[in-house]
Amino acid sequence: MKYPVQLYKSDEGFAVSCPVLPGCWSQGATRSEALVNIREAITLWLEVAFEDRQKEDAEGEVFYDSVDVAPSPAFAHA
């Protein structure tokens with residue numbers, strides 16, 4: 001599965017985040033290194049999220065569902 005990432009150039013190299021995974025950040029001296037590092041960060045983020053969800057499910061306190069949301073008319077022309 002592909003995850004979008006955002007790269008930020010700095011004096012030290014590149015910072016990189018995965019906006020769809022809150023708090024998932026990494027860095028690298030080069031763009032290539034930053035991309036390798038964010039792949040690892042995404043993998044670890046997903047592993048922890050999976051473990052946390054298993055714990056929550058075992059405790060029986062968390063429920064998951066989904067809702068449909070109609071687009072706002074204000075964004076219809078965007």
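How many bridges join β1 to β2? Hold that thought for a moment, and welcome, everyone.

A word on the model before we go in. This is a predicted model, in which local features need pLDDT of at least 70 and side-chain atom pairs count only at pLDDT 80 or more, while totals for chains, interfaces and linings use all residues. Residues are numbered from 1 along each chain as its sequence is written, and side-chain values use heavy atoms, with hydrogens and water left out.

Back to the opening question: five bridges join β1 to β2, and the two strands run antiparallel. When I say that strands pair, I mean that DSSP finds at least two bridges between them. Helices (H or I, at least four residues) and strands (E, at least two) are DSSP runs, numbered from the N terminus.

Let's step back to the whole chain. Its secondary structure comes to one helix and three strands, and reading along the sequence gives the pattern β-β-β-α. Of the 78 residues, 17% count as buried. Buried here means under 20% relative accessible area, exposed means over 50%, and partly exposed is in between, with a 1.4 Å probe and protein chains only.

Now the sheet. The three strands make an open sheet in the order β1-β2-β3, with antiparallel pairing. β1 (6-10) and β3 (25-28) stand at the edges with a single partner strand each, so one side of each has no neighbour in the sheet. On average, neighbouring strands are turned by 25° against each other, direction ignored. For that angle, axes are lines fitted to C-alpha atoms, for helices over the stretch in contact, and angles run from 0 to 180 degrees between N-to-C directions.

β1 and β2 form a hairpin, with two residues between them. On the other side, four bridges join β2 (residues 13-17) to β3, again antiparallel. If you'd like to trace those on screen, Val16 has Ser26 as its bridge partner in β3, and Ala15 has Gln27. β2 is mostly covered, with four of its five residues buried. In β3 the side chains alternate: Ser26 and Gly28 point to one face and are buried, whereas Trp25 and Gln27 point to the other and are not.

Let me pick out one residue in β2, Ser17. Is Ser17 buried or exposed? Its relative accessibility is 5%, so Ser17 counts as buried. Ser17 is the bridge partner of Gln6, and Ser17 also stands opposite Trp25 in β3. Leaving aside residues up to four places away in sequence, Ser17 touches Pro4, Val5, Gln6, Tyr8, Cys24, Trp25 and Ile38. A contact, by the way, means heavy atoms within 4.5 Å.

Two names from that list bring us to the rings. A search of the whole structure finds one aromatic pair. That pair is Tyr8 and Trp25, which are stacked, at 5.5 Å centre to centre and with 25° between the planes. Tyr8 is in strand β1 and Trp25 in strand β3, so the pair ties together parts that are 17 residues apart in sequence. For the cut-offs, rings of Phe, Tyr and Trp (its six-membered ring) pair if their centres lie within 6.5 Å; planes under 30 degrees apart count as stacked, over 60 as edge-to-face and the rest as tilted. Tyr8 has 35% relative accessibility, so it counts as partly exposed.

There is another ring to show you. Lys9 lies over the face of Phe14, 4.9 Å from the ring centre. A charge sits over a ring if NZ of Lys or CZ of Arg is within 6 Å of the ring centre and within 35 degrees of the ring normal.

Phe14 also leads us to the core. Which residues make up the largest nonpolar core? There are nine: Phe14, Val16, Cys18, Leu21, Cys24, Ala34, Ile38, Ala41 and Ile42. β2 and α1 (31-59) are the elements that give two or more residues to this core, and α1 gives the most, with four. Such a core is a set of buried Ala, Val, Leu, Ile, Met, Phe, Trp, Tyr and Cys residues joined through side-chain atoms within 4.5 Å.

Let's finish on a core member, Cys24, in the loop between β2 and β3. Cys24 has 3% relative accessibility and therefore counts as buried. Cys24 and Trp45 are 21 residues apart in sequence and 6.8 Å apart in space, C-alpha to C-alpha.

Thanks for listening!
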